[in-house]
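Colleague: I would like to go through this model with you. Could you show it to me before we talk about the details?

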Amino acid sequence: MAAAIIAFSLTSCINDLDISPINPQVSNSFSQDEVYNKVYATLSLTGLQGPAGSDTGDVAGVDEGSASPFYRMILTVYEYPTDEVICSWTDAGIPDFFQMNWGASSLPLTGFYSRLMYDVTLCNHFLEETESLDDEKTLRQRAEVRFIRALNYYYLMDAFGNPPFTETVSLDENPSQIKRTDLFNFLETELKEIESELTEPRTGEFGQADQACAWMLLSRMYLNAEIYTGTARWSDAATYAKKVIGSAYGLADNYAELFMADNDENEETKKEIILPLRLDGTYARSYGGAQFAIASTHTAGMTPWGTSEGWGGVRARKALLMKFFKDEADVPMMADENEMTIRAGDDRALFFSGKINGVPDEEQAENDPSDDTRTLEINDPYDFKEGISIAKWSNVRSDGQPSHDATWVDTDVPLFRTAEAYLTLAEALLRNGGTQKDVLNAVNTLRKRAHAEELESVTLDQILDEKAREFYFEGQRRTDLIRYGYFTGNEYIWDWKGGIQEGTAVDADYNLYPIPTSDITVNGNLEQNSGY
């Protein structure tokens, strides 16, 4: 963290790109707007020279492109161990996730933790330097930076439990460790304090944190409060979900367009995306963000996805496909995403199981199998084409126009979107004794948008399944499974859970990730989580 403060240079993300680097070793001046822009940039970019550079990444000690991007690491640690996806890559630490046997020296976990701590430090730096200012612009900027700091601390709390905590930047003192409950209480207070200083929903720039961002994060925290503090807060979760639903945000008409290249221009998708993580093929490039979500799930032979990058790593587990189909025999082979949604009766079933000469044809597939064929069952976790491909993310524009670059994507990540509030409301109401009518209304609102058959009654497990259908490979699944008590034990087993094809339970200690050894070693204030 000391190195981060002494050596970082600052760039912006989208709107103000011609900014001179700042090096405190040369100049002690503080540029408020540039540091403010850099705080936002940490959510999408990774350093000073575009997608990668030589010793110019924000986070030292890990590969800039594969182990330091904010959203790439969220997808890695929140999706790879779950029932939704599996990754075929053998890079250090990646197989540990589907095997569920990671340790405190895991490179991906170290990268994720270090990214979050770097972002917190940068936020603290901005807040310290602007503490004495009280003009309207600074007060708004400070509220937004406090939100982004809270967002990073939320992920530290959720993933690591009891992380180091500080609101200042010090080169001499290591931060103390905070208890999970105390961090929850801090974040709750922080988010409520800044609410009035954030812009009202949809009155600021697209990508600017507003009041709905604070409400969404509070609703997510309250939904999981029993895990974090031992005390359920279902009523509060419902209250803040309702605030989001009743705001100027709404639901897009078309689900697929939420994950396309022009989701920052399409008025329908902008209506639903509350907090986008911004990328641009010309001006803001990263190996994280939607670039990763798109490239990691695609490979040659699939329906065009708008970029030359197709890394062939992440695909759906059988358990995810069976959220959309009643029987294994119902899952169509040799089908593109259009055919898949028709057969599933759900617009969200954006999967690819193969095609021949651009035309899905099951009879032809039986007579002339091609390399594009996928399998429902995964016998080899290291073979990308075992498992149905995810075609949800793309760099194709909904208006048919070309994207900005043939390699780097324009697609923004919808980190928070209104749909989450509906399912938070449904679960919180049902857990808190709400009526089936109100719960069904929340769930069926999303099913109507997806042109799926409406439910006539709903259980908690059905809401969890609906969450998978709506948010698969968006970085929420680990938290949901832990809240239900399904992540580690034998209450719910899926394919390759615990590294065994038929699935197996693992120790409950894996409900928390370990504090990385690299930080335990240098900070004597920290105690390791149980089991590591």
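Modeller: What follows is a short set of questions and answers on helix packing, the core and a loop residue.

Colleague: Happy to start. What are the ground rules for the numbers?

Modeller: This is a predicted model, where local features need pLDDT of at least 70, side-chain atom pairs count only at pLDDT 80 or more, and totals for chains, interfaces and linings use all residues. Residues are numbered from 1 along each chain as its sequence is written, and side-chain values use heavy atoms, with hydrogens and water left out.

Colleague: How are helices H6 and H7 oriented to each other, parallel or antiparallel?

Modeller: Helices here are DSSP runs of H or I with at least four residues, strands are E runs of at least two, and both are numbered from the N terminus. H6 (residues 107-129) and H7 pack with axes 9 Å apart at an angle of about 155 degrees; axes are lines fitted to C-alpha atoms, for helices over the stretch in contact, and angles run from 0 to 180 degrees between N-to-C directions. Under 35 degrees counts as roughly parallel, over 145 as roughly antiparallel, 65 to 115 as roughly perpendicular and the rest as oblique. H6 is therefore, relative to H7, roughly antiparallel.

Colleague: Which helix gives the most to the largest nonpolar core?

Modeller: A nonpolar core joins buried Ala, Val, Leu, Ile, Met, Phe, Trp, Tyr and Cys residues through side-chain atoms within 4.5 Å, where buried means under 20% relative accessible area, exposed over 50% and partly exposed in between (1.4 Å probe, protein chains only). Among the 152 residues of the largest one, Phe112, Phe147, Tyr155, Phe351 and Phe473 touch the most other members. With 13 residues, the top contributor to this core is helix H7 (residues 136-160).

Colleague: And how do H9 and H11 lie, parallel or antiparallel?

Modeller: The axes of H9 (residues 211-223) and H11 (residues 234-245) come within 8 Å and cross at roughly 155 degrees. Relative to H11, H9 is therefore roughly antiparallel.

Colleague: Is Ala92 buried or exposed?

Modeller: Ala92 sits in the loop between strand E1 (85-87) and helix H5 (95-99). Because its relative accessibility is 52%, Ala92 counts as exposed.

Colleague: Which residues is Ala92 in contact with, leaving aside neighbours within four places in sequence?

Modeller: Contact means heavy atoms within 4.5 Å. Leu45 lies 47 residues from Ala92 in sequence and 23 Å from it in space, C-alpha to C-alpha. With neighbours within four places in sequence set aside, the contacts of Ala92 are Leu107 and Pro108.
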